Amino acid sequence: MFKTKTLKLEYDDVDEYVANKKRKKRRQIITVTILSVFAVIGFIAVGYVLAAVVDTHRRNAEIPDFIGQNIDDVLNSGEYDFEFDTDYAYDPNKALGEILDQNPKAASRRVGRDTSVTLTVNSEEAEVMVPVVSKLSESVAINTLKKSHLEAEIVKENNENVAEGTVIRTEPSSGEMVKVKSKVIVYIAERKAEVPDILGMTLEEAKAKLGEAGLTAGELTFEYSDDYDNGLIMLQGIESGEKVDKGTAVPVTVSKGEPIPVTVKSEIDLSRFQDYVPFKISIIVDGEEEITQNASKDYLNGIGFNYKFELTRKITVTAANVEIMINDQPYQTYIFNFENAEYWLDHEDEVHLEKSTPETSS
């Protein structure tokens, strides 16, 4: 009985022992698991913190000073992760492409590298507003546009409502945005009269027409004309369409009608050639042969060796070149003036002739 009881007690103890061992083991496993979970969570948290620190360091930077740099150098450097926007301005004293300004300013604050930074670039693509120059004088308007980097093209326009010499308007109009160096047409008021066309009018008609334009008939001359009848205006001293000051006197030429023919008679001394007859005499007028004659001794003796000829031209011919040829050799050159019915020797050339064989009687 004692042994049986003892064995039973030992069995109970072993069972309880085993059970306790199992409970302890489970508690250890749970503890280890919990610790492992906390360790993993800790590692993850630490990783997140470190990653955040690293990422914050990576993603945040101070904005550099870009002013004075070239825009292409900045954009193509690959050094910056900023989002760049560009704006344009113009400074003639700076190089094209140079950065003139930036927003945000340099080192103003730490920002993310994907922050947008606007760079203002020196460029002829920049736009400016056409300034107001109405009623300004021409010189002031030109300087005002020049200060805005614009070019002025001056156009005069007759206008009675705006002070003479001042700006009427501009194209493009003031307030419009245009690129720098654009041309702006500036209309300047003037008090000018436009000369009318008076050709073909009578003198009285011409005076009336000029008077309507605020002009007068000036110096009056008369000339012959192949195109205008007697008494009609054939020339005006200032061409039609020209702008002149009001009250200007326009010179006028009145036609005397078709020019009349005038004959100039001449006499040429050929006595030096009396031993060389017969010979040929030719008269060349302005390069065209006018007269050709074979001169015999009897003929020349009959006229006393003074060869006479005459030319007829319109009175308006003031300079005809007349050459005397002896046997096709230049002898004398004369200038004939039909307006004054006169002629004069211009120059003389040496002629070489051979003496003729004396005539014999049978």
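Contact here means heavy atoms within 4.5 Å. I keep that in mind for Leu270, below. The model I am reading is predicted.

**Entry 1: the core**

I looked up the contacts of Leu270. Leaving aside neighbours within four places in sequence, Leu270 touches Phe279, Ile281, Leu300, Phe305, Tyr307, Ile326 and Tyr331. I then turned to the largest nonpolar core, which has 27 residues. Leu270, Phe279, Phe309, Val322, Ile326 and Phe336 touch the most other members. Which strands each supply at least two residues of this core? I noted strand 16, strand 17, strand 19, strand 20 and strand 21 (329-337). In soluble globular proteins, nonpolar side chains tend to be buried together.

**Entry 2: the sheet of five strands**

I traced an open sheet of 5 strands. Its order is 18-17-20-21-22, and the pairing is antiparallel. Strand 18 (288-295) and strand 22 (342-348) are at the edges with a single partner strand each, so one side of each has no neighbour in the sheet. From one strand to the next, the twist averages 20°.

Strand 17 (residues 279-285) got a longer look. Is strand 17 mostly covered or uncovered? I found 6 of its 7 residues buried. Strand 17 pairs with strand 18 over 7 bridges, in the antiparallel sense. Ile284 stands opposite Glu289 there. The two strands form a hairpin with 2 residues between them. In its turn, Asp286 has a positive phi of about 50°.

Strand 17 also pairs with strand 20 (residues 320-326), antiparallel, over 5 bridges. I wrote down two bridge partners in strand 20: Ile324 for Ile283, and Ile326 for Ile281. Ile281 and Ile326 are also among the contacts of Leu270.

**Entry 3: strand 16**

In a regular strand the side chains alternate between the two faces of the sheet. I checked strand 16 (residues 261-269) for this. Val262, Val264, Ser266 and Ile268 point to one face and are buried. Pro261, Thr263, Lys265, Glu267 and Asp269 point to the other face and are not buried. Strand 16 runs antiparallel to strand 19 (residues 306-314), joined by 9 bridges. Thr263 stands opposite Thr312 in strand 19.

**Entry 4: the sheet of three strands**

I moved to an open sheet of 3 strands. The order is 2-5-3, with mixed pairing. Strand 2 (83-89) and strand 3 (99-103) are the edge strands, each pairing on one side only. Direction ignored, neighbouring strands in this sheet are turned by 25° against each other on average. Strand 3 and strand 5 (residues 116-122) run antiparallel, with 4 bridges. Gln102 stands opposite Leu119 in strand 5.

**Entry 5: salt bridges**

How many salt bridges does a search of the whole structure find? I have 14. Arg169 pairs with Glu157, with the closest N and O atoms 2.9 Å apart. Arg169 is in strand 8 (residues 167-171) and Glu157 in strand 7 (residues 151-158), 12 residues apart.

Lys314 forms a salt bridge with Asp226, closest N and O atoms 3.1 Å apart. Lys314 is in strand 19 and Asp226 in the loop between strand 12 (216-223) and strand 13 (233-236), so the pair ties together parts 88 residues apart in sequence. Lys314 is partly exposed, at 35% relative accessibility. Asp226 is exposed, at 53%.

Lys314 also meets Glu258 in a salt bridge, 3.9 Å from N to O. Glu258 lies in the loop between strand 15 (249-255) and strand 16, so this pair ties together parts 56 residues apart in sequence. Glu258 is exposed, with a relative accessible area of 55%. My last note is on a network: salt bridges with shared partners join Glu160, Arg191 and Lys246.

Key: Residues are numbered from 1 along each chain as its sequence is written. This is a predicted model: local features need pLDDT of at least 70, side-chain atom pairs count only at pLDDT 80 or more; totals for chains, interfaces and linings use all residues. Side-chain values use heavy atoms; hydrogens and water are left out. Two strands pair if DSSP finds at least two bridges between them. Axes are lines fitted to C-alpha atoms, for helices over the stretch in contact, and angles run from 0 to 180 degrees between N-to-C directions. Buried means under 20% relative accessible area, exposed over 50%, partly exposed in between (1.4 Å probe, protein chains only). A nonpolar core is a set of buried Ala, Val, Leu, Ile, Met, Phe, Trp, Tyr and Cys residues joined through side-chain atoms within 4.5 Å. A salt bridge is a side-chain nitrogen of Lys or Arg within 4 Å of a carboxyl oxygen of Asp or Glu.
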